[in-house]
Amino acid sequence: MARVLIVEDEKHLAEGLRFNLEAEGYEVTLASDGETALDLIQQEGRSFEAIVLDVMLPGKDGFEVAQVLRTAGCYIPILMLTARSRPEDVLRGFEAGADDYLPKPFELRILIARLSGLLRRREWFRLTEDLAAQTPDDKPPGDIFHFSGKSIDFNSLVLRAGERVVQLTLMEADLLRFLVMHQGEVVSRRQILEDVWDLKEDTDTRAIDNFVVRLRRYIEDDPSTPRHLITIRGVGYRFVAEPGQ
Ligand code: CA
């Protein structure tokens, strides 16, 4: 039974979610503000398997809560609830470390589908990891991408660059996978928004640049002069695996 933490200050909505998720077999804990959520996660030994996190909360908002957790090295999958009228919140959410998002108001069955999708992916990543640990010689190749002495393991979501070991969120891994699949090509911001994050609304595409800044901190030796993740002015980005070859 998956344990889920719901962080939502609208009591009516929070109770409704608890009722319905419990009916689906989840074990649900409610928190009505960010501080309470962070306390609960610390107390419970981080034993939640997913967090449904509303953006608009009293005190610390959802962005801050996600950021505190990720900074502390806590990678519980986060499904963020955003306002439909503010698609830029989605990018802020990803920046803060959210794994998926759902604009409000949403249909309950969609939330349940997204939540179980998130848990399934985490579970799948964990299973492949266990399998790999048991049979190192039979480990299927292909899901670790090596470039310039660095590596991205798309199963365990671990990026290694020299001494640096970064635990990626699911969404970061999705974006990196997209860039790797299109390496050498120019991909537009619009393409990234639509193909990676399924954002079809009229999002301000410049907001994506902040996200790229973060990926550069992971993969570039000197993030101020990127050699892997190149900006193509007025168009988008190009990922180069082995610069200078
Ligand atoms: Ca709220």
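**Exercise 1. The sheet**

How many bridges join S6 to strand S7, and in which direction do the two strands run? Place them in their sheet.

Solution. The model is a predicted one.
Step 1. S6 and S7 (residues 150-153) run antiparallel and are joined by four bridges.
Step 2. For one residue pair, take Ile144: its bridge partner in S7 is Asp153.
Step 3. The order S6-S7-S8-S9 describes an open sheet of four strands, with antiparallel pairing. Strand S6 (144-147) and strand S9 (164-167) are the edge strands, since each pairs on one side only. From one strand to the next, the twist averages 10°.
Step 4. Helix H8 (residues 208-219) packs on the sheet and touches S6, S7, strand S8 (158-161) and S9. The direction of H8 makes about 140° with that of S9.

**Exercise 2. Helix H1**

Compare the span of helix H1 (residues 11-23) with the expected value, then find which residues of H1 are buried and which are exposed on the other side.

Solution.
Step 1. H1 has 13 residues, and at 1.5 Å a residue these should span 18 Å. The expected span is 1.5 Å times one less than the number of residues. The end C-alpha atoms of H1 are 18 Å apart, so the span agrees with the expected value.
Step 2. Buried means under 20% relative accessible area. The buried residues of H1 are Ala14, Leu17 and Leu21. Seen down the axis of H1, these buried residues fall within an arc of 65°, so they line one face of the helix. An α-helix has 3.6 residues a turn, so residues three or four places apart point the same way.
Step 3. Lys11, His12, Phe19 and Ala23 are exposed on the other side of H1.
Step 4. Just after H1, Gly25 takes a positive phi of about 95°.

**Exercise 3. The calcium ion**

Which protein donors does the calcium ion have, and where in the chain do Glu8 and Met56 lie?

Solution.
Step 1. The protein donors are Glu8 (OE), Asp9 (OD), Asp54 (OD) and Met56 (O), lying 2.1 to 2.9 Å from the calcium ion.
Step 2. Along the chain, the donors follow the spacing E-D-x44-D-x1-M. Glu8 is in the loop between strand S1 (3-7) and H1, while Met56 is in the loop between strand S3 (50-54) and helix H3 (62-71). This pair, 48 residues apart, links distant parts of the chain.
Step 3. Glu8 has a relative accessible area of 2% and is therefore buried. Met56, at 63% relative accessibility, counts as exposed.

Note on methods
Residues numbered from 1 in each chain as written. Predicted model: local features only at pLDDT ≥ 70, side-chain atom pairs only at ≥ 80, totals over all residues. Heavy atoms only, no water. Pairing = 2+ DSSP bridges. Axes fitted to C-alpha atoms, helices over the stretch in contact; angles between N-to-C directions. Contact = heavy atoms within 4.5 Å. Buried < 20%, exposed > 50% of the residue type's maximum accessible area, 1.4 Å probe, protein only. Arc of directions from axis to C-beta. Donors = N, O, S within 2.8 Å, 3.2 Å for Na, K, Ca; no water.
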